[in-house]
Amino acid sequence: SIHNHSNRPVLKMGKRSNMHKLHNVTEEEAKIIAKNETKEDVTSLKLTNDKRFLIYKIETEHYVLIINALDGTVMEKKEIKSYRY
């Protein structure tokens with residue numbers, strides 16, 4: 001059975017492929033947006049959602065950016081604080 005004890009489907013069928021069908025901004029375009037915003041190369045990129053928007057979560061050496069995957073808007077830009085011991 002694909003249902004658990006609460007009658008909810010256990011398998012999230014095709015969630016990742018559905019996200020990739022919906023986004024208008026490609027990963028390469030998101031990397032270019034991040035590079036233009038930070039002047040740094042992308043070290044990590046993930047297509048995900050935050051319950052309201054389909055987003056790219058992008059990390060560079062000194063920043064974390066949230067970019068709207070539908071229109072390319074930079075929704076958030078946080079500087080990563082580095083600590084010296």
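**Entry 1: salt bridges**

A salt bridge here is a side-chain nitrogen of Lys or Arg within 4 Å of a carboxyl oxygen of Asp or Glu. I kept that cut-off at hand, since I was reading a predicted model.

I started with Lys78 and Glu76. Their side chains meet in a salt bridge, with 3.2 Å from N to O. That value passes because the cut-off is 4 Å. I then looked up how open each residue is. Lys78 is partly exposed, at a relative accessible area of 48%. Glu76 is also partly exposed, at 34%.

How many salt bridges does the structure hold? I found five. I followed up two others, as noted below.

**Entry 2: a bridge inside helix 2**

I went to helix 2, which covers residues 27-38. Glu28 and Lys31 both lie in it. They are three residues apart, about one turn of the helix. The two form a salt bridge, and their closest N and O atoms are 3.7 Å apart. I checked Lys31 for exposure. It counts as partly exposed, at 32% relative accessibility.

**Entry 3: Lys77, looked up twice**

Next I took Lys77. Its side chain meets that of Glu37 in a salt bridge, at 3.8 Å from N to O. Lys77 lies in strand 4 and Glu37 in helix 2, so this pair ties together parts that are 40 residues apart in sequence. Both ends are partly exposed: Lys77 has a relative accessible area of 38%, and Glu37 stands at 36%.

I came back to Lys77 for its place by a ring. Lys77 lies over the face of Tyr63, at 4.9 Å from the ring centre. I also searched the whole structure for aromatic pairs. The search found zero.

**Entry 4: the sheet**

In what order do the strands of the sheet stand? I read 1-2-3-4, in an open sheet of four strands with antiparallel pairing. Strand 1 (42-49) and strand 4 stand at the edges. Each has a single partner strand, so one side of each is left without a neighbour in the sheet. From one strand to the next, the twist averages 15 degrees.

I then went through two of the pairings. Strand 2 and strand 3 pair in the antiparallel sense over five bridges. Within this pairing, I found Ile66 in strand 3 as the bridge partner of Lys57. Strand 3 (residues 63-68) is joined to strand 4 by five bridges, and these two strands also run antiparallel. There I noted Ile67, which stands opposite Val74 in strand 4.

I followed the chain through the hairpin of strand 3 and strand 4. Five residues sit between the strands. In this hairpin Gly72 takes a positive phi near 85 degrees.

I also asked where helix 2 lies. It lies across strand 1, strand 2, strand 3 and strand 4. It runs at about 130 degrees to strand 3.

**Entry 5: Thr60**

My last stop was Thr60, in strand 2 (residues 54-60). Is Thr60 buried or exposed? It counts as buried, because its relative accessibility is 3% and buried means under 20%.

I listed what Thr60 touches, leaving aside its neighbours within four places in sequence. Thr60 is in contact with Thr38, Glu40, Asp41, Val42, Thr43, Leu65 and Ile80. Of these, I placed two from my earlier notes. Val42 belongs to strand 1, which spans 42-49. Leu65 belongs to strand 3, which spans residues 63-68.

Technical notes: Residues are numbered from 1 along each chain as its sequence is written. This is a predicted model: local features need pLDDT of at least 70, side-chain atom pairs count only at pLDDT 80 or more; totals for chains, interfaces and linings use all residues. Side-chain values use heavy atoms; hydrogens and water are left out. Rings of Phe, Tyr and Trp (its six-membered ring) pair if their centres lie within 6.5 Å; planes under 30 degrees apart count as stacked, over 60 as edge-to-face and the rest as tilted. A charge sits over a ring if NZ of Lys or CZ of Arg is within 6 Å of the ring centre and within 35 degrees of the ring normal. Buried means under 20% relative accessible area, exposed over 50%, partly exposed in between (1.4 Å probe, protein chains only). Contact means heavy atoms within 4.5 Å. Two strands pair if DSSP finds at least two bridges between them. Axes are lines fitted to C-alpha atoms, for helices over the stretch in contact, and angles run from 0 to 180 degrees between N-to-C directions.
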